[in-house]
Amino acid sequence: DGQTHSKNSFTVTGLPAGYTAVPVITGTIKDAGTEDNVIGSYAIKLGDEDVTAQFSNVTTKDGTLTVTKRAVTMTSATDEKAYNGTPLTNHTVTVTGDGFVTGEGATYDVTGTQTLVGTSDNTFTYELNEGTLAGNYDIEKVEGTLKVTENTNAIVITADDGTWMYDGQTHSKNSFTVTGLPAGYTAVPVITGTIKDAGT
């Protein structure tokens, strides 16, 4: 949790009734791992009187202080859209699990992109912020999915009408209108209709 921890409790065996032990425990721990909970010194008292010198067979045993790692899962976004010719990107990264300690964390570079119909991983890298130690975290990286589906918009290509008075010539009209195309796209129809004689 980013804090320094100590534990000053202890147990004593073998003292005669009415006597107390007063150890000075100096062990501390902050980062993930283990440290000895050290007894730096001790006194044995009878009431307020220090009688340590009256005991010749005193053994001290250090305890163990343990800090466990925090579990952090980093997940890039999963997103979907219909094809429109522009890349699908989503730079969101969500942190779950135990999360980072307040004031610690990471920065992300999301590089996933999908333009054509299909799917791909929403790839990303991360860099832990200054003061955030990798050894304090179990980090899992999960990449979301970017999916581009076929564009199902109704695209209508309509050849323009043409009217002529009969003049013995063959006529055609190659202009047209288009609706439903995404911005920036054009249709190129091959219009083959011709007319010469009166009629349609």
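User: In which order do three strands form an open sheet that includes β6?

Analyst: This is a predicted model, in which local features need pLDDT of at least 70, side-chain atom pairs count only at pLDDT 80 or more, and totals for chains, interfaces and linings use all residues. Residues are numbered from 1 along each chain as its sequence is written, and side-chain values use heavy atoms, with hydrogens and water left out. Strands are DSSP runs of E with at least two residues, helices are runs of H or I with at least four, and both are numbered from the N terminus; two strands pair if DSSP finds at least two bridges between them. The pairing in this open sheet is mixed, and the order is β8-β6-β12.

User: Which strands stand at the edges of that sheet, and why is one side of each left without a neighbour?

Analyst: Each edge strand has a single partner strand, so one side of it has no neighbour in the sheet. The edge strands are β8 (93–97) and β12 (137–142).

User: How many degrees does the twist average from one strand to the next in this sheet?

Analyst: Strand axes are lines fitted to C-alpha atoms (for helices, over the stretch in contact), and angles between N-to-C directions run from 0 to 180 degrees. From one strand to the next, the twist averages 20 degrees.

User: How many bridges join β6 to β12?

Analyst: Strand β6 covers residues 70–76 and runs parallel to β12. Along this pairing, Ala71 is opposite Asp138 of β12, and Thr73 has Glu140 as its bridge partner in β12. The number of bridges joining the two strands is six.

User: Which residue in β8 stands opposite Ser76?

Analyst: β6 and β8 are paired through five bridges, in the antiparallel sense. Opposite Ser76 in β8 stands Val93.

User: Which order has the open sheet that contains β13?

Analyst: The edge strands of this sheet are β7 (79–82) and β10 (118–121), each pairing on one side only. Its neighbouring strands are turned against each other by 15 degrees on average, direction ignored. Three strands make up the sheet, the pairing is mixed, and the order is β7-β13-β10.

User: Which residue in β13 is opposite Glu80?

Analyst: Strand β13 holds residues 145–149 and pairs with β7 in the parallel sense over four bridges. The β13 residue opposite Glu80 is Lys147.

User: Is Gly144 buried or exposed?

Analyst: The place of Gly144 is the loop between β12 and β13. Not counting neighbours within four places in sequence, Gly144 has contacts (heavy atoms within 4.5 Å) with residues including Ser76, Ala77, Ser120 and Asp121. Buried means under 20% relative accessible area, exposed means over 50%, and partly exposed lies in between, using a 1.4 Å probe and protein chains only. The relative accessible area of Gly144 is 5%, so Gly144 is buried.

User: How far apart in space are Gly144 and Gly112, C-alpha to C-alpha?

Analyst: In sequence, Gly144 and Gly112 are 32 residues apart. Their C-alpha distance in space is 9.0 Å.

User: With which residue does Lys141 form a salt bridge?

Analyst: A salt bridge is a side-chain nitrogen of Lys or Arg within 4 Å of a carboxyl oxygen of Asp or Glu, and the count by this rule is one. Lys141 is partly exposed at 38% relative accessible area, and its partner also counts as partly exposed, at 29%. The closest N and O atoms of the pair are 3.8 Å apart, and the partner of Lys141 is Glu143.

User: Which residues make the nonpolar surface patch of about 240 Å²?

Analyst: Patches are made of residues with over 30% relative accessible area and no salt bridge, with like charges joined within 9 Å and nonpolar side chains (Val, Leu, Ile, Met, Phe, Trp, Tyr) within 5 Å. Accessible areas come from the Shrake-Rupley method with a 1.4 Å probe, and for residues only the protein chains shown count as cover. Phe176, in strand β15 (residues 176–179), is partly exposed, with a relative accessible area of 31%. The patch is made by Ile155, Ile157 and Phe176.

User: Which residues does Glu127 touch, leaving aside those up to four places away in sequence?

Analyst: Glu127 belongs to strand β11 (residues 124–128) and is exposed, at 55% relative accessible area. The residues touched by Glu127 are Ala106 and Thr107.
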